[in-house]
Amino acid sequence: MASVTFRDCFLCVSALITFVSVFVTGADFVRFVSFRAIYHNLSGAAPLCRDSVPWSVALRDVVVLKAVAVDVFLLFLFSVQHSLLAWTPVKQVCQKVFGVLSRSVYCFTTAAALQMLMQYWQPVTSAPCLWSVRTAPWDIWFPLICFILHFLCWAIICSILLIFDYPELLGIKQVYYECLGLGDPLLLKSERAQRLYAHLRHPVCVELLTVLWLLPTFPLDRLLLAVYLSVYLILAHSLDTQDCSYLRRQLRSKLQLFSAPLEGSDQSTSTNKTD
């Protein structure tokens, strides 16, 4: 049996730290994008904007312009990190420097960039909202509808990540295979899977777009976040018909895999009844 080396321990600890940071950041991002804004409406807190202020006055307000500038800068930093480290020449350099931890480094820096964006994000409360549902009874019902739809979208996102190889997406599988001497797990996948991974950087485009735009109150800073991330997601989306057909086959195989135990239990139950 092969002995565990210090290098193996270091790789495993690094991958575990990345997993924890990505998990915590993902939970914070769900709260930041969805449930904090919806809960603000349900709780009856102070309004997120000032409808009494005209747009012509708000867009000349120094406080509004400063908050918009900070938010745009934070979005720019996140997109630079997320795209620059995914650029092929930079990926090759990271592969040479970090080796098997290159994917973990990418995920960790993405989590750090998202945390910076969420911590220093500036709400724009001195400008009017693009829309705000405040008429009874929709001031209660529409936030509840948004909450249910957001919950369903995040559930779909989690299920899609389960269909994909999420340990590999986080860099955990690379470390595991390296410690066992099995090489790069991506090279063991089919050519169609490798092609899909090269085209599909964000497998949850539609659900994230729904979460970004469907809110009972839509202030100016939310417009910046929704427009910027929507454009970023759409530009990074490059699936074709071959990728879609491969995804459909994978989804059917996963559904058959999950339904097999249920079919087995039904058959055993009918057999017992026959006996």
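1. Read from the N terminus, the elements of the protein chain follow the order α-α-α-α-α-β-α-α-α-α-α-β-α-α, which comes to 12 helices and 2 strands. The model is a predicted one, and the points below should be read with that in mind.

2. On confidence, the protein chain has an average pLDDT of 80, and 76% of the residues score at least 70. Two stretches call for caution: pLDDT stays under 50 over residues 265-269, where the model has 0 contacts beyond four places in sequence, and pLDDT also stays under 50 over residues 271-275, again with 0 contacts beyond four places in sequence. Where pLDDT is low, the predicted coordinates should not be read in detail.

3. As for the chain overall, buried residues account for 33% of the 275 residues. If one takes the contacts between residues at least 6 apart in sequence, 83% of them join residues that are at least 24 apart.

4. A helix pair that can be described in some detail is α3 with α5. Two packed helices are described by the angle between their axes and the distance between the axes. Helix α3, covering residues 62-84, packs against helix α5, covering residues 102-120, at an angle of about 175° and with the axes 9 Å apart. Because an angle over 145 degrees counts as roughly antiparallel, α3 is roughly antiparallel to α5.

5. The residues that make this contact can be listed for both helices. From α3 they are Val70, Leu74, Leu75, Leu77, Phe78, Gln81 and His82, while α5 contributes Tyr106, Thr109, Thr110, Ala113, Leu114, Met116, Leu117 and Tyr120. Sorted by class, the contact of α3 with α5 has 11 nonpolar and 4 polar residues, with no charged residues.

6. The structure holds 1 salt bridge, and this is formed by arginine 7 and glutamate 178, whose closest N and O atoms are 3.2 Å apart. Arginine 7 belongs to helix α1 (residues 6-42) and glutamate 178 to helix α8 (residues 172-180), so the pair ties together parts that are 171 residues apart in sequence.

7. Are the two partners of that salt bridge buried or exposed? Arginine 7 has a relative accessible area of 45% and is therefore partly exposed, and glutamate 178, at 31% relative accessibility, likewise counts as partly exposed; the reasoning rests on the cut-offs, because buried means under 20% relative accessible area and exposed means over 50%.

Definitions and conventions:
Residues numbered from 1 in each chain as written. Predicted model: local features only at pLDDT ≥ 70, side-chain atom pairs only at ≥ 80, totals over all residues. Heavy atoms only, no water. Axes fitted to C-alpha atoms, helices over the stretch in contact; angles between N-to-C directions. Helix = DSSP H or I, 4+ residues; strand = E, 2+ residues; numbered from the N terminus. Parallel < 35°, antiparallel > 145°, perpendicular 65-115°, else oblique. Contact = heavy atoms within 4.5 Å. Nonpolar A, V, L, I, M, F, W, Y, C, P; charged D, E, K, R; others polar. pLDDT = per-residue confidence, 0-100. Salt bridge = Lys/Arg side-chain N within 4 Å of Asp/Glu carboxyl O. Buried < 20%, exposed > 50% of the residue type's maximum accessible area, 1.4 Å probe, protein only.
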